[in-house]
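Visitor: Hey, got a minute to walk me through this one?
Guide: Sure, pull it up and ask away.

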Amino acid sequence: MMNPALQYPIFGAEIQCPHCRQTIPALTLTDTYLCPRHGAFEANPETGELIHLQSGRHWRRWNGEWYRQHTHPDGIRFEIHEALDKLYTQGYRATRVVIARRYQELMSGYLERSTHWRSGQSEATSARLYGLPVEFSADSLDDPCWDVINFDLEKEPGVPVRYPYFRLFE
């Protein structure tokens with residue numbers, strides 16, 4: 001008798017589609033999940049990634065949530081922008097963005113740099129994105145979530161004084 005767990009891809013008999021969050025089934029004896037709206041996703045047991053076959057986008061899971069793995073700065077910038085909009089509609093304002101260290105080189109050319117005029121030091125620059133201070137995460141060896149998640153927004157109740165997030169692709 002065959003072990004039923006071996007009939008399904010690494011994530012089990014069904015998962016939530018990373019795009020629409022709809023529960024989608026695995027195709028038996030394959031490494032594929034099929035969403036009626038978004039098509040096929042292939043699970044890679046070696047990397048632990050889910051790959052959308054039509055677009056080639058890669059996803060990884062942390063604590064039951066799917067996180068897209070970006071290869072272009074516009075992808076992560078757009079994702080951060082969406083999260084800022086969501087915070088705003090929930091009555092919060094972001095105070096800082098923490099981006100996964102693995103994106104530091106990818107994002108470096110897209111961050112706003114400013115020097116505090118009182119510091120008198122040209123090296124004392126702070127990186128900003130959409131007007132918010134940016135920091136990069138701890139190493140993923142110290143905190144493994146940063147090997148999967150892309151960013152975190154620190155927030156506080158209230159609306160932004162100036163809603164700076166409209167400058168999506170300046």
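Guide: What follows is a quick tour of the fold, the cysteines, the rings and a few side-chain contacts.

Visitor: Is this experimental or predicted, by the way?
Guide: This is a predicted model.

Visitor: OK. How many helices and strands does the protein have?
Guide: The protein has two helices and twelve strands. Going along the sequence, the pattern reads β-β-β-β-β-β-β-α-β-α-β-β-β-β.

Visitor: And what share of the residues is buried?
Guide: Of the 170 residues in the protein, 35% are buried. As for the outside, about 10,400 Å² is exposed, and carbon and sulfur atoms supply 49% of that.

Visitor: What about contacts with a separation of 6 or more, how much comes from residues 24 or more positions apart?
Guide: Those pairs account for 53% of such contacts.

Visitor: Switching to cysteines. How many disulfides turn up?
Guide: Zero, after searching the whole structure. Cys-17 is in no disulfide, and the nearest cysteine sulfur, that of Cys-35, is 3.8 Å away. The cut-off for a disulfide is 2.5 Å between the sulfur atoms, so a pair at 3.8 Å doesn't qualify.

Visitor: Is Cys-17 buried or exposed?
Guide: Buried, at a relative accessible area of 0%. Cys-145 is buried as well, with 11%.

Visitor: Any rings worth a look? How many aromatic pairs are there?
Guide: The structure holds one aromatic pair. Phe-11 and Trp-66 sit edge-to-face, 5.0 Å centre to centre and with 90° between the planes.

Visitor: Which parts of the chain does that pair tie together?
Guide: Phe-11 is in the segment before strand E1 (14-16) and Trp-66 is in strand E7 (residues 65-69), so the pair links parts that are 55 residues apart in sequence. Phe-11 is buried at 15% relative accessible area, and Trp-66 is buried at 7%.

Visitor: Does anything else touch on Phe-11? Say, what does the side chain of Tyr-33 reach?
Guide: The Tyr-33 side chain reaches the backbone nitrogen of Phe-11, at 3.2 Å. Tyr-33 belongs to strand E3 (residues 32-35) and counts as buried, with 0% relative accessibility. Tyr-33 and His-52 are 19 residues apart in sequence, and their C-alpha atoms are 9.5 Å apart.

Visitor: Cool. Where's Lys-155 relative to Tyr-92?
Guide: Lys-155 lies over the face of Tyr-92, 4.4 Å from the ring centre.

Visitor: Next, His-70. Where is His-70 found?
Guide: In the loop between E7 and helix H1 (73-89). His-70 counts as buried, because its relative accessibility is 9% and the cut-off is under 20%.

Visitor: And which side chain does His-70 make a polar contact with?
Guide: That of Glu-79, at 2.4 Å. Setting aside neighbours within four places in sequence, His-70 is in contact with several residues, among them Tyr-103, Leu-106 and Asn-150.

Visitor: One last residue: where does Tyr-130 sit?
Guide: Tyr-130 is in the loop between strand E10 (125-129) and strand E11 (132-136). Tyr-130 is buried, at 2% relative accessible area.

Visitor: What does its side chain reach, in the case of Tyr-130?
Guide: The backbone oxygen of Arg-77, at 3.1 Å. As for Glu-112, Tyr-130 is 18 residues from that residue in sequence and 8.2 Å in space, C-alpha to C-alpha.

Note on methods: Residues numbered from 1 in each chain as written. Predicted model: local features only at pLDDT ≥ 70, side-chain atom pairs only at ≥ 80, totals over all residues. Heavy atoms only, no water. Buried < 20%, exposed > 50% of the residue type's maximum accessible area, 1.4 Å probe, protein only. Phe/Tyr/Trp six-rings, centres within 6.5 Å; stacked < 30°, edge-to-face > 60°. Helix = DSSP H or I, 4+ residues; strand = E, 2+ residues; numbered from the N terminus. Lys NZ or Arg CZ within 6 Å of the ring centre and 35° of its normal. Contact = heavy atoms within 4.5 Å. Areas by Shrake-Rupley, 256 points an atom, 1.4 Å probe, with all protein chains shown as cover. Polar contact = N/O pair within 3.5 Å; in protein donor to acceptor, adjacent residues only side chain to side chain.
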